[in-house]
Number of protein chains: 2
Amino acid sequence: MKVTEAKDKFIQTWGALGTLWGINKAMAQIHALLLVSPEPLSMEDVMEALHISRGNTSMNLRQLIDWGIVFKTSKAGERKEYFTSEKDINELARQIARERSRREIQPTLKVLKEVSSIEDDGSAESKEFIKQTKALYELADTADSILNRVVNQESNWLTKTFIKLLK
Amino acid sequence: MKVTEAKDKFIQTWGALGTLWGINKAMAQIHALLLVSPEPLSMEDVMEALHISRGNTSMNLRQLIDWGIVFKTSKAGERKEYFTSEKDINELARQIARERSRREIQPTLKVLKEVSSIEDDGSAESKEFIKQTKALYELADTADSILNRVVNQESNWLTKTFIKLLK
DNA sequence: CTAAACTTTCAATAATTTTTGAAAGTTTGA
DNA sequence: TCAAACTTTCAAAAATTATTGAAAGTTTAG
């Protein structure tokens with residue numbers, strides 16, 4: 001397999017995986033492309049490599065920047081903007097964990113806490129509801145704490161932890 | 001807040017969260033409903049509670065069963081089928097982890113291994129590509145191992161591990 | 001065996017999400 | 001200050017995904 005072919009396969013796979021996890025294909029593909037590009041790419045470069053429109057590229061690059069995993073750079077003497085992704089895979093994982101926690105898990109925890117605090121009126125309905133939503137809260141809270149631990153530690157923490165767990 | 005209201009809020013929230021993680025709304029909502037219902041529900045019950053069609057209900061119940069987190073039960077002397085969800089939240093998490101690993105992470109690992117094994121032709125392109133896809137492979141592999149560990153341990157493992165990590 | 005009770009399937013439709021492309025906006029060099 | 005170079009916005013179109021509902025299929029009681 002040649003580099004070009006492999007790159008293409010990787011970008012396709014990454015796009016498909018993203019879709020399964022609620023990330024739009026173009027966004028996942030742009031990210032994949034930048035991740036394996038040794039040099040920053042311009043908007044034109046991205047459009048051309050992925051055959052997507054200017055508008056699409058612009059919007060998705062913006063989202064990636066909002067997620068904190070893609071950065072703008074400039075080349076001296078050039079007006080055009082260039083884009084590059086977070087290259088450190090551990091840092092990438094941390095940033096995604098951080099954002100998913102902040103955007104999705106925290107708000108969910110808030111709701112779970114709220115709804116699990118209703119008064120037990122003695123019915124089977126309310127007993128089961130309280131029990132299950134509390135259990136979900138516990139699980140989500142534990143998972144989130146672990147995630148935050150990943151987020152706040154040095155980049156190798158994940159691997160180290162795993163090794164530790166094997167013992 | 002009353003039970004009915006809380007239940008509704010929970011089901012809505014769960015549906016929205018599911019959507020963010022690539023799970024269709026009806027599927028997430030049916031699951032939420034069954035999770036907090038003390039007794040198994042019939043298809044009619046689900047249709048009525050969520051205002052969705054028979055076909056939709058049938059298809060999504062089937063998917064939940066495929067994921068191994070919802071089960072068919074029968075009531076003695078009744079022809080109708082009843083459905084109930086996995087009630088143990090830790091077991092639920094394990095089952096979801098197991099399925100996501102099997103369906104999504106394993107295939108991705110396979111591709112990453114494949115594309116990261118291309119020959120280094122000396123170009124910056126191929127060097128960067130190999131380096132990054134290998135790093136992704138390492139990360140995904142570690143994460144998957146941790147996930148599988150969650151999957152194969154007793155249900156309280158997650159909490160215990162967390163406590164251990166605090167030390 | 002038959003009909004009622006129930007479930008599944010699937011083509012059509014609806015809803016949602018993504019993508020486009022051109023106009024509007026912004027920045028900068030001269 | 002102007003105009004070229006570039007980016008962003010956003011309404012419209014396209015693509016994808018979810019939902020419906022009725023017909024077909026299945027099961028079981030009698």
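Which residue of strand 3 of chain A does Val70(A) stand opposite? It is Ser85(A), and I'd like to start from that pair and walk you through the rest.

First, some housekeeping. This is a predicted model, in which local features need pLDDT of at least 70, side-chain atom pairs count only at pLDDT 80 or more, and totals for chains, interfaces and linings use all residues. Residues are numbered from 1 along each chain as its sequence is written, and chains are lettered from A and ligands numbered from 1 in the order in which they are written.

When I say helix or strand, I mean a DSSP run, numbered from the N terminus: H or I with at least four residues for a helix, E with at least two for a strand. Two strands pair if DSSP finds at least two bridges between them.

Let's stay with chain A. Its open sheet has three strands in the order 1-3-2, with antiparallel pairing. Strand 1 and strand 2 of chain A are at the edges with a single partner strand each, so one side of each has no neighbour in the sheet. Helix 4 of chain A, residues 54-66, packs on this sheet and touches strand 2 and strand 3 of chain A. The direction of that helix makes about 110° with the direction of strand 2 of chain A. For such angles, axes are lines fitted to C-alpha atoms, for helices over the stretch in contact, and the angles run from 0 to 180 degrees between N-to-C directions. Contact, here and later, means that the C-beta atoms of two residues, placed from the backbone, lie within 7 Å.

Now the pairings. Strand 2 (residues 70-74) and strand 3 of chain A are antiparallel over five bridges. They form a hairpin with six residues between them, and in the turn Gly77(A) has a positive phi of about 75°. On the other side, two bridges join strand 1 (residues 41-42) of chain A to strand 3 (residues 81-85) of chain A, and there Ser42(A) stands opposite Tyr82(A).

Over to chain B. Here, too, three strands form an open sheet in the order 1-3-2, paired antiparallel, with strand 1 (41-42) and strand 2 (70-74) of chain B as the edge strands. Tyr82(B) of strand 3 is a nice residue to look for: Ser42(B) stands opposite Tyr82(B), and Tyr82(B) is also the bridge partner of Thr73(B). Further along, Phe71(B) stands opposite Thr84(B).

Chain B also gives us a helix pair to look at. Helix 3 (residues 43-50) and helix 4 (residues 54-66) of chain B pack at an angle of about 115°, with their axes 10 Å apart. The two helices of chain B are therefore roughly perpendicular to each other; by the cut-offs, under 35 degrees is roughly parallel, over 145 roughly antiparallel, 65 to 115 roughly perpendicular and the rest oblique. Helix 3 of chain B brings Met43(B), Val46(B) and Met47(B) to the contact, and helix 4 of chain B brings Arg54(B), Thr57(B) and Ser58(B). By class, that makes three nonpolar, two polar and one charged residues. In this scheme Ala, Val, Leu, Ile, Met, Phe, Trp, Tyr, Cys and Pro are nonpolar, Asp, Glu, Lys and Arg are charged, and the others, Gly among them, are polar.

Finally, how do the two chains meet? In total, 44 residues of chain B are in contact with 44 residues of chain A. Two or more residues on the side of chain B come from each of helix 1 (3-20), helix 5 (89-116), helix 6 (124-152) and helix 7 (157-166). Helix 6 of chain B gives the most, with 14 residues. That side of chain B has 24 nonpolar, 13 polar and seven charged residues.

And the symmetry? A turn of 180° with a shift of 0.0 Å along the axis lays chain B on chain A with an RMSD of 0.0 Å, which is the relation of a two-fold axis. The superposition is by least squares on the C-alpha atoms of residues with pLDDT of at least 70 in both copies. The same surface serves both copies, as 100% of the contact residues of chain B recur in chain A. If you want to find the axis, look for Gly22(B): of the residues of chain B, Gly22(B) comes closest, at 2.1 Å (C-alpha).
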